[in-house]
Amino acid sequence: MTIELKDLSYGYTQRRVLEGLSVRFERGGMYAVMGANGCGKTTLLRLVAGLLTPERGEVLLDGQSVGSYTARELAQRMAFVRQYPQTDFEFSAFETVLMGRNPYQRRLQNESQEDWDIVERCMKQTNTWHLRFAKPNQMSGGELQRVMLARALAQETPVMLLDEPVSNLDIAHQFEILELLRTINREEHKTILIVIHDLNMALRYCPQLVLLHKGGIHYHGTTEQGLSPENIRTVFNIHAEPVMADGEPTLLRLRPLEL
Ligand code: ADP
């Protein structure tokens, strides 16, 4: 599914956040959405998900305005993993992931064996199957984050919007989840937008980059070119030095400007 933002503006009561922003996310792309704290990354994802209505401009999914889809149609097309998981403390991890199947269930109909199988597969993929009986208050932040990712996978959508899906995870689980997302992206051609702060993880896992700055798109293109020392200095006020291996920039050595 392609996602097109056209001349999009949005502001909260106090402050305008996005101003005349236009960008296109191609089907099957895996995009890092990056920028300094408060630059509007979450706002952009919420606009794409149809959770916020733009003040000006529009969001098109395969050429059709997000606002013209029903909630159920949107839930069959886009899964959104929030930065701070919102869960109901009544439900176990298994039941939480099973909720990902809601967009496919008919009124008064129970889940099918297929739904249960999908939940099991997604929990095993995210390494959360052993947590299936746990309630949210019995899990760590990272475990809960993986459960929410399992729920998003169970939704089986062509688009995944992930707001800092690896921020709460230890380094091993960050690699595990990003490897999983890359595999899913390659094998199922899902369009994946990931808000991510770690420049090196973005370089390694996300071929495409959308860099936000001052209410607009500072850069849109390959991550390798976009995470240039100049862009990193402008957007994050940080000095970056590419480390080459086999003739490719594979890592960025970072330090504050004044050092
Ligand atoms: P990011 O995800 O890049 O950190 P956000 O999209 O969350 O940025 O926020 C962009 C700006 O909008 C910030 O200045 C933030 O304080 C403000 N903001 C976010 N949500 C709200 C809200 N519900 N009400 C008012 N201001 C908000």
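These questions and answers walk through a predicted model, from its ligand site to its sheets and one tryptophan.

Q: Which helix gives the largest share of the shell around the ligand?
A: The ligand is surrounded by residues that include Tyr12, Arg15, Val17, Lys41, Thr42 and Thr43. The largest share of this shell is 3 residues. They come from the helix spanning residues 41-48, helix H1.

Q: How many residues of the shell around the ligand are charged?
A: The shell holds Ala36, Asn37, Gly38, Cys39 and Gly40, among others. By type, it divides into 4 nonpolar and 5 polar residues, with the charged ones numbering 2.

Q: How far does a polar side-chain atom of Thr43 lie from an oxygen atom of the ligand?
A: Backbone atoms also approach the ligand's oxygen atoms. For a backbone N or O atom of Cys39 the distance is 3.2 Å. For a polar backbone atom of Gly40 it is 3.0 Å. For the side chain of Thr43, the distance is 2.5 Å.

Q: What percentage of the ligand's accessible area does the protein cover?
A: Polar atoms of the protein lie by the ligand, such as the Thr43 side-chain atom 2.5 Å from a ligand oxygen. On its own, the ligand has 570 Å² of accessible area. The share covered by the protein is 58%.

Q: Which strands are the edge strands of the sheet of 6 strands?
A: This open sheet has mixed pairing and the order S6-S7-S8-S3-S9-S10. An edge strand pairs on one side only. That description fits strand S6 (78-81) and strand S10 (216-222).

Q: How many degrees does the twist average from one strand to the next in the sheet S6-S7-S8-S3-S9-S10?
A: The sheet is open and has 6 strands. From one strand to the next, its twist averages 15 degrees.

Q: Which residue in the turn between S9 and S10 has a positive phi?
A: Strand S9 (residues 208-213) pairs with S10 in the antiparallel sense over 6 bridges. Leu209 stands opposite Gly221, and Leu212 has Ile217 as its bridge partner. The two strands form a hairpin with 2 residues between them. The turn residue with a positive phi, about 50 degrees, is Lys214.

Q: At about what angle to S9 does helix H9 run?
A: Helix H9 covers residues 229-236. It lies across both S9 and S10. Its angle to S9 is about 35 degrees.

Q: Why is one side of S2 and of S5 left without a neighbour in the sheet?
A: The open sheet of 4 strands runs in the order S2-S1-S4-S5, with antiparallel pairing. S2 and strand S5 (64-65) stand at its edges, so one side of each lacks a neighbour. The reason is that each has a single partner strand.

Q: Which residue in S4 is the bridge partner of Leu5?
A: Strand S1 (residues 3-11) and strand S2 (residues 16-25) run antiparallel, joined by 6 bridges. They form a hairpin with 4 residues between them, and Leu5 has Val23 as its partner in S2. S1 also pairs with strand S4 (residues 56-61) over 5 bridges. There the partner of Leu5 is Val59.

Q: What distance separates the C-alpha atoms of Trp129 and Leu153?
A: Trp129 is found in the loop between helix H4 (113-125) and helix H5 (141-154). Leaving out residues up to four places away in sequence, it touches Phe94, Glu120, Met123 and Lys124. Leu153 is 24 residues from Trp129 along the chain. Their C-alpha atoms are separated by 14 Å.

Definitions and conventions:
Residues are numbered from 1 along each chain as its sequence is written. This is a predicted model: local features need pLDDT of at least 70, side-chain atom pairs count only at pLDDT 80 or more; totals for chains, interfaces and linings use all residues. Side-chain values use heavy atoms; hydrogens and water are left out. A residue is near a molecule or strand if one of its heavy atoms lies within 4 Å of it. A polar contact is a pair of N or O atoms within 3.5 Å; within protein, one must be able to donate a hydrogen and the other to accept it, and residues adjacent in sequence count only if both atoms are side-chain atoms. Accessible areas come from the Shrake-Rupley method with a 1.4 Å probe; for residues, only the protein chains shown count as cover. Ala, Val, Leu, Ile, Met, Phe, Trp, Tyr, Cys and Pro count as nonpolar, Asp, Glu, Lys and Arg as charged, and the others, Gly among them, as polar. Two strands pair if DSSP finds at least two bridges between them. Axes are lines fitted to C-alpha atoms, for helices over the stretch in contact, and angles run from 0 to 180 degrees between N-to-C directions. Contact means heavy atoms within 4.5 Å.
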